[in-house]
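Please look over the chain below. This report walks through its exposure, its overall form and its charge pairs.

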Amino acid sequence: MAQDMTEKELLKMELDQLKKEVKNERQMVSKTGKELKEYIESMAGEDPLLKGVPEDKNPFKEKGGCIIS
């Protein structure tokens, strides 16, 4: 898509994106990092990547095997 655009169209698209980004409220990393760490630690008990998925609820569990005799 971007290959088909003229340089003027690309610059306009970049300018529009920068206008959107400048409106975002900025916060210090020292504050947001602490909040993010607390959130991750509070949700760790429910995380299937850490806790695992019960066998009966695992949609990717093998249904059966193949026996070649």
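Lys20 is exposed, because its relative accessible area is 57% and the cut-off for that label is over 50%. The residue sits in helix α1, which covers residues 7-22. Keep in mind that this is a predicted model. Lys20 also gives a first sense of distance. Its C-alpha atom is separated from that of Cys66 by 56 Å. Along the chain, Lys20 and Cys66 are 46 residues apart.

**Overall form**

The protein has 3 helices and 0 strands. Read along the sequence, the pattern is α-α-α. The radius of gyration is 24 Å, well over the 11 Å that the globule rule gives for 69 residues, so the protein is more spread out than a compact globule. The C-alpha trace spans about 65 × 40 × 15 Å along its principal axes.

How much of the protein counts as buried? The share is 0% of the 69 residues. Buried here would require under 20% relative accessible area. The protein exposes about 7,300 Å² in total. Carbon and sulfur atoms supply 59% of that area.

**Charges and salt bridges**

The protein carries 13 positive and 15 negative charges. Their mean positions are 4 Å apart. Side chains of opposite charge can pair when their charged atoms come close. The count of salt bridges comes to 2. The table sets out both pairs.

| Pair | Closest N to O distance | Helix | Spacing along the chain |
|---|---|---|---|
| Asp16 and Lys12 | 3.2 Å | α1 | 4 residues |
| Glu35 and Lys31 | 3.9 Å | α2 | 4 residues |

Take the pair in helix α1. Asp16 and Lys12 are 4 residues apart there, so about one helical turn separates them. Their side chains meet in a salt bridge at 3.2 Å, N to O. Asp16 is partly exposed, with a relative accessible area of 30%. Lys12 counts as exposed, at 51% relative accessibility. The cut-off for exposed is over 50%.

Now the pair in helix α2. Glu35 and Lys31 both lie in this helix, about one turn apart. Their closest N and O atoms are 3.9 Å apart. That counts as a salt bridge because the cut-off is within 4 Å. Glu35 is partly exposed, with a relative accessible area of 39%. Lys31 is partly exposed too, with a value of 46%.

How far apart are the C-alpha atoms of Lys12 and Glu35? They are separated by 36 Å. The two residues are 23 residues apart along the chain. Lys12 has its place in helix α1, whereas Glu35 lies in helix α2.

**Helix α2 and its nonpolar patch**

Helix α2 covers residues 29-43. Ser30 has its place in this helix. Is Ser30 buried or exposed? Ser30 is exposed, because its relative accessible area is 58%. The C-alpha atom of Ser30 is separated from that of Pro59 by 40 Å. Ser30 and Pro59 are 29 residues apart along the chain.

Met43 also lies in helix α2. Which residues join Met43 in a nonpolar surface patch? They are Leu36, Tyr39 and Ile40. The patch they make with Met43 has an area of about 410 Å². Met43 counts as partly exposed, because its relative accessibility is 32%. A patch residue needs over 30% relative accessible area.

**In brief**

The predicted model shows 3 helices and 0 strands. None of its residues is reported as buried, the share being 0%. One salt bridge joins Asp16 and Lys12. Another joins Glu35 and Lys31. Helix α2 holds Met43, which helps make the nonpolar patch.

Technical notes. Residues are numbered from 1 along each chain as its sequence is written. This is a predicted model: local features need pLDDT of at least 70, side-chain atom pairs count only at pLDDT 80 or more; totals for chains, interfaces and linings use all residues. Side-chain values use heavy atoms; hydrogens and water are left out. Patches are made of residues with over 30% relative accessible area and no salt bridge: like charges are joined within 9 Å, nonpolar side chains (Val, Leu, Ile, Met, Phe, Trp, Tyr) within 5 Å. Accessible areas come from the Shrake-Rupley method with a 1.4 Å probe; for residues, only the protein chains shown count as cover. Helices (H or I, at least four residues) and strands (E, at least two) are DSSP runs, numbered from the N terminus. Buried means under 20% relative accessible area, exposed over 50%, partly exposed in between (1.4 Å probe, protein chains only). The radius of gyration is taken over C-alpha atoms; the globule rule is 2.2 Å times the number of residues to the power 0.38. Lys and Arg count as positive and Asp and Glu as negative; His and the chain ends are not counted. The place of a charge is taken as NZ of Lys, CZ of Arg, CG of Asp or CD of Glu.
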